[in-house]
Amino acid sequence: PPLQNAELGKRAPRWIRDNEVTMCMKCKEPFNALTRRRHHCRACGHVVCWKCSDYKAHLEYDGNKLNKVCKDCYHVIIGCTDSEEKKKKGILEIESAEVSGNSVICSFLQYMEKSKPWQKAWCVIPKQEALVLYMYGAPQDVKALATIPLLGYTVDDTPRSADLPHSFKLTQSKSVHSFAADNEELKQKWLKVIHLAVKGETPECQNE
């Protein structure tokens, strides 16, 4: 579990692995070829970009030595709060780890929109919004790439291509979203949830 504010700097954090995120966990800037450098906040263990890791604080668990920390931890440790940070979060700004831990279903799926190439996405249907599909780049990302309100979509589960036999499609007038699971069992689990959601019924939890 993430460290509580009172424990910051007193205990060593669990480091989020670099490959668990595709964007800075603070400012949500994507890590790309140019801003490839990922830094870890030594207080909370989050992966942040260079801009967000440009702070230093004395950490108790490290013999009070000065360590690189992110902006949020810096404010907590030196004891000042930033009211700007409290601005209301937008719909996409629900943290993936938060919704994945309390979801009807979540897993990686391949995703394709219009004629774009297939891409891997971490897909989640949160319990508190069981009719919305959230898509993230990776399981620990702090901002969703997209959300699909499932109500009213038509489900087509006949696979289009031999390469992706476990695929299904969601269509509503002009918008078409194609998904593919790694196996038939996973596909059926998703379909079970989605078939109910498109009718506005709350699905049962599928996460074991």
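Start with the second largest pocket: S5 and S6 each supply at least two residues of its lining. Please keep in mind along the way that this is a predicted model.

**Stop 1: the pocket**

Select Tyr111, Met112, Glu113, Lys116, Pro117, Gln119, Ala121, Met135, Leu145 and Ala146, and you have the lining of the second largest pocket on screen. The space they line has a volume of about 150 Å³. Which strand gives the largest share of this lining? That is S5, with 3 residues. Try colouring your selection by residue type: the lining divides into 7 nonpolar, 1 polar and 2 charged residues.

**Stop 2: the whole protein**

Now zoom out and switch to a cartoon view. You will find 3 helices and 11 strands. Trace the chain from the N terminus, and the elements come in the order β-β-β-β-α-α-β-β-β-β-β-β-β-α. The protein has 208 residues, and buried ones make up 39% of them. If you count contacts between residues at least 6 apart in sequence, 48% of them join residues at least 24 apart.

**Stop 3: the seven-stranded sheet**

Next, select the strands S5 to S11. How many strands form the open sheet, and in what order? There are 7, arranged as S8-S7-S6-S5-S11-S10-S9, and their pairing is antiparallel. At the edges, look for S8 (146-149) and S9 (154-156), each of which pairs on one side only. Neighbouring strands in this sheet are turned by 35° against each other on average, direction ignored.

Then bring in helix H3 by selecting residues 184-197. This helix packs on the sheet and touches S5, S6 (119-126), S7 (132-136), S9 and S10 (167-172). The direction of H3 makes about 105° with that of S5.

**Stop 4: S5 and its two partners**

Keep S5, residues 103-113, highlighted and look to either side of this strand. Toward S6, the two strands pair in the antiparallel sense over 8 bridges. A good pair to display here is Cys106 with Val124, the residue of S6 that Cys106 stands opposite. S5 and S6 make a hairpin with 5 residues between the strands, and Lys114 there takes a positive phi near 45°.

Toward S11, residues 175-180, the pairing with S5 is again antiparallel, over 4 bridges. To see one of the matches, select Gln110 and its bridge partner in S11, Ala180.

**Stop 5: Ile125**

Stay on strand S6 and click on Ile125. Is Ile125 buried or exposed? Ile125 is buried, because its relative accessible area is 0%, against a cut-off of under 20%. Show what surrounds Ile125 beyond its neighbours within four places in sequence: the contacts are Ser103, Val104, Ile105, Ala130, Val132, Leu133, Leu150, Trp190, Val193 and Ile194. Some of these can be matched with elements you have already visited: Ser103, Val104 and Ile105 fall within S5, while Trp190, Val193 and Ile194 fall within H3. For a distance to display, join the C-alpha atoms of Ile125 and Ile148, which are 23 residues apart along the chain and separated by 9.8 Å.

**Stop 6: Leu92**

Move to the loop between helix H1 (71-78) and helix H2 (96-100), where Leu92 lies. Leu92 is partly exposed, with a relative accessible area of 25%. Apart from neighbours within four places in sequence, Leu92 is in contact with Val142, Lys143, Ala144, Ala146 and Thr147. Ala146 may look familiar, as one of the residues lining the pocket at the start. Another residue of that lining is Leu145; Leu92 and Leu145 are 53 residues apart in sequence but 7.2 Å apart in space, C-alpha to C-alpha.

**Stop 7: toward the start of the chain**

Select residues 55-59 and 65-69 to show S3 and S4, which run antiparallel and are joined by 5 bridges. Here Lys56 stands opposite Lys68 in S4. The strands form a hairpin with 5 residues between them, and Gly63 in the turn has a positive phi of about 60°.

Finish with His46, in the loop between strand S1 (39-40) and strand S2 (47-48). His46 counts as buried, at 16% relative accessibility. Leaving out residues up to four places away in sequence, His46 touches Ile16, Met25, Lys26, His39, His40 and Cys41.

Definitions and conventions: Residues numbered from 1 in each chain as written. Predicted model: local features only at pLDDT ≥ 70, side-chain atom pairs only at ≥ 80, totals over all residues. Heavy atoms only, no water. Pairing = 2+ DSSP bridges. Axes fitted to C-alpha atoms, helices over the stretch in contact; angles between N-to-C directions. Contact = heavy atoms within 4.5 Å. 1 Å grid on protein atoms, 1.4 Å probe; cavity = no way out; pocket = protein on both sides within 12 Å on 5 of 7 lines; lining within 4 Å. Points joined across faces, edges and corners; volume = space filled by probe spheres on them. Nonpolar A, V, L, I, M, F, W, Y, C, P; charged D, E, K, R; others polar. Buried < 20%, exposed > 50% of the residue type's maximum accessible area, 1.4 Å probe, protein only.
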